[in-house]
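Biologist: I'm new to this structure and would love a close look at just one part of it. Could you pick a strand and walk me through its surroundings, then show me a pair of helices as well?

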Amino acid sequence: MAKSSKVKHLLGELPFTAEIYWQLRQRGKPPRKKFSLQQTEQRLPIWVSEASQALKNNHPHGAAKRIFLFSTLRLWIEHSALLSVALAGRGHQVTLCFLPYYFWHQPIQRFDLRRQNLYFKDVLGKAVPLIQVRSLLDFPSANHSAPHTSELPDVLQQAIRQVSLRDAQYTLQVEDVDMEAETTNSGALFQFRLQRNLFAARAFYEWVQCLPPSQRPEVVVLPNGSILEMGALYQTCRYLELPVVTYEFGEQRGRIWLAKNDEVMLQDTHALWQARQGFSLDEKQWQQMRALTSARQSANLWNNFYRRWQALPSQGGEQVHKALGLDSRPVFLLAANVLADSLTLGRQVFSENMTEWIQQTVKFFAQHPEVQLIVRMHPGERYTKGPSVSQVIHQALQPIPENIHLVHAQEAVNTYDLIEIADLGLVYTTTVGLEMAMSGLPVIVAGNTHYRGKGFTLDVDSWENYYALLNQTVRSIEEFRLSNAEIERAWSYAYLFFFEYPCPFPWHLKHFWHETESWSVSRVLSEEGMELFGETFDMLAGKDRDWSITFSNRSYLPDEQGAELHTSNEGGLLR
């Protein structure tokens with residue numbers, strides 16, 4: 001340990017050292033410039049003033065709730081600060097709680113953490129008394145040394161172990177983590193995340209247990225809710241039977257994903273589909289879906305979608321058929337997710353994980369040269385540091401037989417050209433499986449994805465059923481072609497997923513500061529803003545979703561504006 005680190009370690013363990021240093025040398029300045037809240041510090045007084053004025057001018061919208069909003073890491077904390085102020089401007093009693101970490105995957109000196117904590121409280125304290133601001137580090141039971149796991153019920157500890165496992169998997173982009181071996185990279189990261197997550201859960205758990213029922217939060221609001229300390233608090237809320245809302249952002253500006261008493265990243269659309277069962281597209285909706293589908297295939301941006309889905313436009317199925325050296329045998333297309341992507345972790349149905357499913361699948365096709373298998377690596381692999389799916393396949397097969405073709409993430413191949421030449425699709429959770437069904441392909445779904453069980457996919461729940469179905473399709477693929485009714489059902493579901501499942505919301509995390517200029521707090525809380533976003537803010541405050549309310553026409557980004565505001569980020573957020 002370097003001399004400066006030793007000094008910091010010593011100072012971090014002594015009472016009042018960080019506080020005295022902060023008062024004398026650093027008050028008003030961030031301990032590290034990279035983690036400055038400068039923009040929040042400048043705008044927070046304006047947000048508070050506008051929310052306070054809206055509260056005076058308007059009657060509270062519905063019954064005021066005691067809302068506890070928690071986040072960690074700078075970007076989420078900044079976003080949560082604005083959301084807290086807006087909810088308070090709607091008449092709710094809001095407590096914003098935070099953990100002031102620099103990184104989720106690296107330790108921080110206790111001395112630096114205490115200074116960062118003071119800095120965050122100083123900046124966010126400018127929102128008091130409109131909202132209450134608290135640091136989880138300051139909770140009565142908080143002690144940043146290793147937590148005493150015996151203080152948490154066993155079932156809750158096990159749930160938090162799963163959150164910590166996801167943290168390690170997602171950070172390293174691997175599915176296999178040795179949770180007990182601290183000497184390995186993955187094991188050490190798991191243990192680090194477990195310690196932090198247990199600390200957060202214990203502090204929150206003991207605080208809630210000490211509160212009288214009349215003072216407990218009526219709803220807890222959490223970003224994501226599946227990972228990091230947000231995931232730990234989600235599991236704690238579920239154990240304590242506290243109502244909890246989780247939210248996340250997808251690839252659409254002006255939209256947010258919401259879930260009540262559920263992990264939003266599971267994208268549970270069963271209630272939506274049940275409420276709209278039998279839904280058919282009208283002509284305008286068909287036009288919207290055709291335009292979106294065309295953009296996805298052509299590597300173009302469209303409307304409020306900020307992400308390109310392909311690196312190059314479609315070249316045509318015939319060209320890619322020739323380029324891959326395919327012949328007249330049937331073509332099966334396996335479209336892979338990114339390894340350890342957040343939309344694959346915890347989604348296993350019968351396999352241990354996606355890795356096992358892919359390896360067993362390629363081994364099956366190695367024994368069936370009468371068909372050809374294309375494995376399309378996810379284009380998002382270009383932006384990750386973890387292993388590629390191709391490495392997983394090479395571990396299972398040496399050499400790769402002639403009937404199996406690997407299309408790597410960086411190859412100049414449009415996935416939709418592969419769909420054009422395929423006879424059947426194989427997917428774990430990727431949305432490409434939905435688009436295959438929209439193209440008329442039969443699709444075998446191995447993971448717990450949102451479109452599973454909606455009436456247009458072949459869903460398997462055991463290895464026995466999976467192999468039996470593969471053998472059937474190899475023998476006679478023609479029997480499994482989708483009917484026109486099934487194809488139409490896939491298009492109808494896709495419309496609901498893209499245009500009705502997300503809720504209107506003014507401030508996307510990825511475009512946060514730009515959108516706060518367009519949508520000030522006063523504008524959002526005005527009659528105009530509430531017409532667009534009022535229902536979403538009510539759901540953030542714990543209201544049950546009414547699936548009969550349609551959101552497809554509640555958009556503040558018409559086509560001509562969307563074209564001006566889009567970014568050229570082709571990788572998007574890894575999901």
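Modeller: Happy to: we start with a strand and its partners, then turn to two helices. Please keep in mind that this is a predicted model.

Our strand is β4, residues 219-223, and 5 of its 5 residues are buried. In a regular strand the side chains alternate between the two faces of the sheet. Here both faces are covered: V219, V221 and P223 lie buried on one side, while V220 and L222 lie buried on the other.

Now look at what β4 pairs with. Strand β1, residues 66-72, runs parallel to β4, and 3 bridges link the two. You can find this pairing by looking at I67, whose bridge partner in β4 is V219. Strand β5, residues 244-248, is also parallel to β4 and is joined to it by 4 bridges. To find that pairing, go to L222, whose bridge partner in β5 is T246.

Next come the helices. Two packed helices are described by the angle between their axes and the distance between the axes. For α6 (residues 154-172) and α8 (residues 228-240), the axes come within 9 Å and cross at roughly 155°. The angle is over 145°, so α6 is roughly antiparallel to α8. The crossing of α6 past α8 is right-handed. On the α6 side, the contact is made by V155, L156, A159, I160, V163 and D167. From α8 come L228, G231, A232, Q235, T236 and Y239. By character, the residues of this contact are 8 nonpolar, 3 polar and 1 charged.

Definitions and conventions: Residues numbered from 1 in each chain as written. Predicted model: local features only at pLDDT ≥ 70, side-chain atom pairs only at ≥ 80, totals over all residues. Heavy atoms only, no water. Axes fitted to C-alpha atoms, helices over the stretch in contact; angles between N-to-C directions. Parallel < 35°, antiparallel > 145°, perpendicular 65-115°, else oblique. Left-handed = near helix turned anticlockwise from the far one by under 90°. Contact = heavy atoms within 4.5 Å. Nonpolar A, V, L, I, M, F, W, Y, C, P; charged D, E, K, R; others polar. Buried < 20%, exposed > 50% of the residue type's maximum accessible area, 1.4 Å probe, protein only. Pairing = 2+ DSSP bridges.
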